[in-house]
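Work through the exercises below with the sequence and the model at hand. Each task is followed by a solution in steps.

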Amino acid sequence: MSESARKDTPEQAEFRQHCRDWLKDNQPPEPPVRLPVSPLEIMTEDQLHYLQDWQKAAYDAGLIGCDYPVECGGAGRSDCQRIANAEMKVVKTPFLPNVIGLGMAAPTVFYHAQEEVKQQLLPKLFSGEEIWCQGFSEPGAGSDLASVQTFAEKDGDKWIINGHKVWTSLAHFAEWMILLLRTDKSSKYDGLSYFVVPIRSELGKSVTVRPLIKMTGETGFNEVIFDNLVVDDSYRLDEVGKGWQVAMTTLAHERGAGQMVTPSSGGRGDEDKQKASLTGGLVELAQNTTRAGKTAADDAVLRDRIVQMMIREEGFKQSNRRSRVQGLIDHPMRIPLQNKLLSSELMQDAAGLATEIEGAQGSLYMADPNAPAAGHWPLAYMNSFGFTIAAGANEVQRNILGERVLGLPKSK
Amino acid sequence: MSESARKDTPEQAEFRQHCRDWLKDNQPPEPPVRLPVSPLEIMTEDQLHYLQDWQKAAYDAGLIGCDYPVECGGAGRSDCQRIANAEMKVVKTPFLPNVIGLGMAAPTVFYHAQEEVKQQLLPKLFSGEEIWCQGFSEPGAGSDLASVQTFAEKDGDKWIINGHKVWTSLAHFAEWMILLLRTDKSSKYDGLSYFVVPIRSELGKSVTVRPLIKMTGETGFNEVIFDNLVVDDSYRLDEVGKGWQVAMTTLAHERGAGQMVTPSSGGRGDEDKQKASLTGGLVELAQNTTRAGKTAADDAVLRDRIVQMMIREEGFKQSNRRSRVQGLIDHPMRIPLQNKLLSSELMQDAAGLATEIEGAQGSLYMADPNAPAAGHWPLAYMNSFGFTIAAGANEVQRNILGERVLGLPKSK
Amino acid sequence: MELPSNFGFGEEEVMLRDSAAKFFADNMPVDKLHALVADDSDPHKDLAAKWTPELWQQMVELGWTMLAVPESAGGMGMGAAAVAGLCEQAGKAAFPSPLLSTINCTYLLAACEGSAATEALEAVVGGSAASYAGINAAGSWEYADTDVMVSGGKLSGTAAFVQDAQKVQYFLVKAADGGQSGLYWVAADAAGVTVTPDAIVDLTRDQARVSFDGVDAVQVSADASAALAAAMPAILTMVAADMVGAGEWQLQTTVEYAQTRKQFERELGFFQAVKHPLVNVMIDIDQTKSLVYAAACAIDHDPEDAARLAHMAKASASDMAGFASSRSVQFHGGIGFTWECYIHMYFKRQMHNQALWGDAAYHRARIAELVIGAAA
Amino acid sequence: MELPSNFGFGEEEVMLRDSAAKFFADNMPVDKLHALVADDSDPHKDLAAKWTPELWQQMVELGWTMLAVPESAGGMGMGAAAVAGLCEQAGKAAFPSPLLSTINCTYLLAACEGSAATEALEAVVGGSAASYAGINAAGSWEYADTDVMVSGGKLSGTAAFVQDAQKVQYFLVKAADGGQSGLYWVAADAAGVTVTPDAIVDLTRDQARVSFDGVDAVQVSADASAALAAAMPAILTMVAADMVGAGEWQLQTTVEYAQTRKQFERELGFFQAVKHPLVNVMIDIDQTKSLVYAAACAIDHDPEDAARLAHMAKASASDMAGFASSRSVQFHGGIGFTWECYIHMYFKRQMHNQALWGDAAYHRARIAELVIGAAA
């Protein structure tokens, strides 16, 4: 019996057994298509449908939305989502496609929407039938999220929305969007409000979804343009002018610091990534690359730099472990707030080092048959900037750490 | 004939010949004591007197103050100081002890003092008979120089001065101080004024000079406390409230960016330092240090890091060379304003690397007979912070470069 | 020997540099460059080189490919500082052309003895472009490494990572006869030559594997190592000059963005988290630029010291470029991560340049051998 | 094997850590420490160890030197996480005592077989302090390196860089008999033992060369390498824990200064040039602290992986300490450069610790051997 299972409540123990029984008999078939490495990179309808089928099955079995009330489509259990997550991880089920819905939209809707809206939206969110996306970033509002300009104007019991959102993953599949916008231009923070709005049903009418092309040449993100989208006032979350507070609920859950545990599945499509550590990949690359007559893995300077990355990767992993040990932490947010900063910079530096290890061969890109690791590393290096920039650029993350954890004065 | 000599004006050519003739016959005797590595580190009367004798002789021969008018004690020549400097450097004469006087006080007094004050003070400044020090930094005013609080109150045609200056090199030998202080508390920059004030004649009365002990355990700097020092209004430089502008003259000359060329001599006491480059010292250390069974100079990781320092040292040297080539510079201050930043950080990083090369032996300090290089490197590492902090901490230097050269908005 | 205090960069060199700057600014402003090389974002697009042969023809007519060709071979015999000034401007424009490749060949050919080398130089003077084919499949350009063999005057094998291969009329091939390697001059359209383009990250270059299947070739040097040793300082200096130019573009473009883009009611450049790294980029560019011109000066006036300075210039350039590129994207934020923003073209060109002819650590190891001595 | 999710740091360990924190705060606040160790700024001062034997006696009575001694030898047999918690607090106080040295000896002795080792451990349990004398004159503590020879049961030669040599009653000496090295237990006051203090940078330690001139010694292990291999993870982990504590003091002290000191009408900490590096110091401390407790946990629960994690902890600690020290002085500005400001004591202790038992690059090379394999 695992250590965690030993501490189960009776309800959790019974539920854990249920999960195990169900999972034993209901593993999904092998995917008919190659799965992406994360839900945010789902590109084809085939990928989506396979994963939606899995989410629906797991939901029907009670493994998703466990801790939400029954009337909202949940299972009405107490602290059971993490049991389901753990058991799905053990048997390596595929990941869940509605990742923004489950991780960000569900808790936000749950804590801030009207009762009938919750009952309307959450069941199909949990089942994966309706995919969600997030409308936060704008061309003029990057790390300074509160400066969004997308505007909703009141018109009776409707709102008319105009504006431009960018970096919206999954928008090309989404039925719904959580949307931070402005209802008052005279006040920065108190002028913000928060809505859920339909996307797919308005496509070609008041909503346009266009792919954004990344510097890598890949697509995946979208921009979404609202041209007089009309939504009912009932889709407003919390009061007018309270958008910033609602957004904080979203962001807390995005960072894993919210009250609700996000349903997550085992990530079968993700297996290779789980198995090989980031720096394990560097070692493998170095062992297969010739440099000045020996392998790069025999070059003392490169060894030293690879080990620097290993230490950062191990430190990151051990810090996450330590963040759950009460006796070994000071400020509760000290480690969690480092998470995005450290993982994104490690990814960037490790991929940058990999392109150096590759030497002249690092010039070869994805389409080249001779490219080491099929061009993965130059691609990963460029994509790493998505992570150091998005969700509050790392410069802003350092401000947050300095201000909230160290108590230094605000830098603005 | 050297390239520079080829471009001499007739006056310069005649003067260069005079310098050569005089220097041939008037090299000073070998010093009776070990000289410090720079004038700011003169610790004993013996060192001082030897160097003062040399400055006086060179002054009497017309090699110091060449470009100042005769009535101020100068030689009344035109653009000849750099000729004298170059010729003294060739024959490696000792350095000049009155370094703050010549480099900062003289041009400031010359451009901003009353005629009779110039005539009173400059001759003995040039001759080295009267040593000068600088009263800028205060305990509460470090990089933010304009926040000095030392205060002068008007009393008839006198001023009464109270305050506390720190990091005043040479104050224990000084007759005079250039002093930035406040005459108005209501305005930060326009409340500053600038004086020359007597030090030695007031010691034990209204002026106290105390040694400051550095983190290394060494002395050398002083703090100077004014307790109702009374000075005549004629010692004020420029108008009341124009202290900041006067200080800019001082600082421009300190950075070598002023109009007047600072007299400088060949630095015989400094020969070892001139000969061996900073990174040459690292190589020597590495070759003489055992590490894991071979010399540190055979360790690929250390070699890589030593060469990083070599490249920085060479880049610094070549940038100084390039700063004088009109066709290869953009903004005229772009390279000069990097000078202090680069040299101080190179010194710090190279000394830090040296202590790493030393390994366990880096624990040994000056007084230990087994310390490598007589404990030079840990000492140099600690002393390097004097340079990264002083004269506008390097954080401020980066602001200045970002604002004045790149044209970015001010950070405050 | 007293070195020229101006690095050999006098009035004539300033004029050349300024006219090059004007040529590139007039003919290939960055929006035009983007339309030319980034018209198709698909990573699997076809591999035809994107460039402007008509502008290249003008550059040839301006004499820019024969700056370093000795006057005895009909060239202009200008100093390396002049050539560096030109390359810096080409880099600042991220200009797609075989300029660097051709110049490299002129330095290599000038280091060879004999009439065959002179005739090859005359072909360049006559307007032909050329590229050095001397890197093996593993990416090594060490003097002794090559995958091309010569036997009975015929070349067989494959040279990898050949720069601008689709744009040139000649290859200067390093090939081994079993013993030491020699250099061979081969027309790109000779029978038995096959150019297979690589799919590369950089949009402003083309690169290829060039295969030789019993190709007739003219030997221009029986001792490739000697020619390479002589020309290597110039090869490194010119690519570093290109990188300095590109770095300066990255700096200026990012500074302009930081002056105007607002976040938290302040211009980005107000924040020291942006300002100070940009200052560091500037410093790195300046250090590199100084080393580039010092190396160029040494090539002509102090050849004994040229290798040391050139290795330093390229090591410094590679580190600088990595940092300048990284900060250019980071400080442009979301927009900087898109294809439509121009900075990715420079980011990718710098990535390419960083590895070309050896990265920073490689050159530092060479410097250590020169200055500290071989490691035990 | 499932590792304890709390690193083996449970209630008992929290209590011990908290009582240690209180002990040091009550008995050795930083002003008292400065008065004790920094009373004389002269670099040429006499070399007597500056410490408080009476406080040390209390620590011994609290059982802190026998935490890691097995219960079979009369010790407390606590886990390495507990010991790390104590060492972290000692480091935070920069406390001058032979705590680390004695704990190191207990780990080494516990790795030896036989009654002689047990008797030595009992001496520690009985209140004696000890220090490992196993570094040669070149500063190497490689298992096979020593300048002390043993012949006929008598030691001759000199051990260098012996920590806290003036404070201990015993030395645990590594000595070679021509073949492999063994470990020997020697009373500090035995005939023929001479302690020659080093003049060191660190004010909170003493260090010496210890010479042996035909000294009678008890062999506690015939195989020093085996004992060292077993104890090395703990030795590295505990010094890294000390450094984490010192780093946290440096961080907190500098943050407090940055919250109050004003420049340009702003608190220093307003400026990102100060704030962001302080955040980086915090991150480095946290990474190191996590590795320290992971290594401590592995020592008791996953010994196969303990060496890898301990090397990582020490490598991370050395880099962290260098950076934390450097920023503590820089951000204190002029006052931070004076003797009267307390931070120089920590700066110097960290410098000492950085090199002790190998610096960051040394440990990274060991990790590479473990994880990547020996270099060709």
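**Exercise 1. Decide how H5(B) and H6(B) are oriented towards each other, and list the residues that meet.**

Solution. H5(B) and H6(B) are roughly antiparallel to each other, because their angle falls in the class over 145 degrees (under 35 is roughly parallel, 65 to 115 roughly perpendicular, and the rest oblique). The angle itself is about 165 degrees between helix H5 (residues 99-112) of chain B and helix H6 (residues 115-127) of chain B, and the axes are 10 Å apart. Axes here are lines fitted to C-alpha atoms, for helices over the stretch in contact, and angles run from 0 to 180 degrees between N-to-C directions. Helices are DSSP runs of H or I with at least four residues, strands are runs of E with at least two, and both are numbered from the N terminus.

The model is predicted: local features need pLDDT of at least 70 and side-chain atom pairs count only at pLDDT 80 or more, while totals for chains, interfaces and linings use all residues. Residues are numbered from 1 along each chain as its sequence is written, and chains are lettered from A and ligands numbered from 1 in the order in which they are written.

Next, the handedness. H5(B) and H6(B) cross in a left-handed way (the near helix is turned anticlockwise from the far one by less than a right angle; clockwise would be right-handed).

Last, the residues. From H5(B), Gly101(B), Ala105(B), Ala106(B), Val109(B) and Phe110(B) meet Val117(B), Lys118(B), Leu121(B), Leu122(B) and Leu125(B) of H6(B); contact requires C-beta atoms, placed from the backbone, within 7 Å. This contact is made up of eight nonpolar residues, one polar and one charged. Ala, Val, Leu, Ile, Met, Phe, Trp, Tyr, Cys and Pro count as nonpolar, Asp, Glu, Lys and Arg as charged, and the others, Gly among them, as polar.

**Exercise 2. Describe the packing of H11(B) against H12(B).**

Solution. Start with the geometry: helix H11 (residues 339-358) of chain B packs on helix H12 (residues 376-389) of chain B at an angle of about 160 degrees, with the axes 8 Å apart. That angle makes H11(B) roughly antiparallel to H12(B). The crossing of H11(B) and H12(B) is left-handed.

Then take the contact. H11(B) contributes residues including Ser344(B), Met347(B), Ala351(B) and Glu358(B), and H12(B) contributes residues including Trp377(B), Tyr381(B) and Phe387(B). By class, the contact of H11(B) with H12(B) holds eight nonpolar, six polar and two charged residues.

**Exercise 3. Is Met43(B) buried or exposed, or in between, and what does Met43(B) touch?**

Solution. Met43(B) sits in the loop between helix H2 (10-25) and helix H3 (45-60) of chain B. Met43(B) has 14 C-beta neighbours inside 10 Å and so counts as partly exposed; a residue is buried with 20 or more other C-beta atoms within 10 Å of its own, exposed with 12 or fewer, and partly exposed in between, with C-beta atoms placed from the backbone. Apart from neighbours within four places in sequence, Met43(B) is in contact with Pro36(B) and Gly220(B). Met43(B) and Gly220(B) are 177 residues apart along the chain, with 6.9 Å between their C-alpha atoms.

**Exercise 4. Place Ser363(B) and find which residues of chain D it touches.**

Solution. Ser363(B) belongs to the loop between H11 and H12 of chain B. Ser363(B) is buried, with 28 other C-beta atoms within 10 Å. Not counting residues up to four places away in sequence, Ser363(B) touches Ile200(D), Val201(D), Asp202(D), Gln207(D), His352(D) and Ala355(D).

**Exercise 5. Characterise the side of chain A that touches chain D.**

Solution. The contact takes 35 residues from chain A and 37 residues from chain D. On the chain A side, helix H10 (300-322) and helix H13 (394-405) are the elements that give two or more residues. H10(A) supplies the largest share, 13 residues. The chain A side divides into 14 nonpolar, ten polar and eleven charged residues.

**Exercise 6. Where do Lys92(A) and Phe264(C) lie?**

Solution. Lys92(A) is in the loop between helix H4 (81-90) and helix H5 (99-112) of chain A. Its phi is positive, about 55 degrees, although Lys92(A) is not a glycine. Phe264(C) is in the loop between strand S9 (262-263) and strand S10 (266-267) of chain C, and phi of Phe264(C) is near 55 degrees.

Technical notes:
Two residues are in contact if their C-beta atoms, placed from the backbone, lie within 7 Å.
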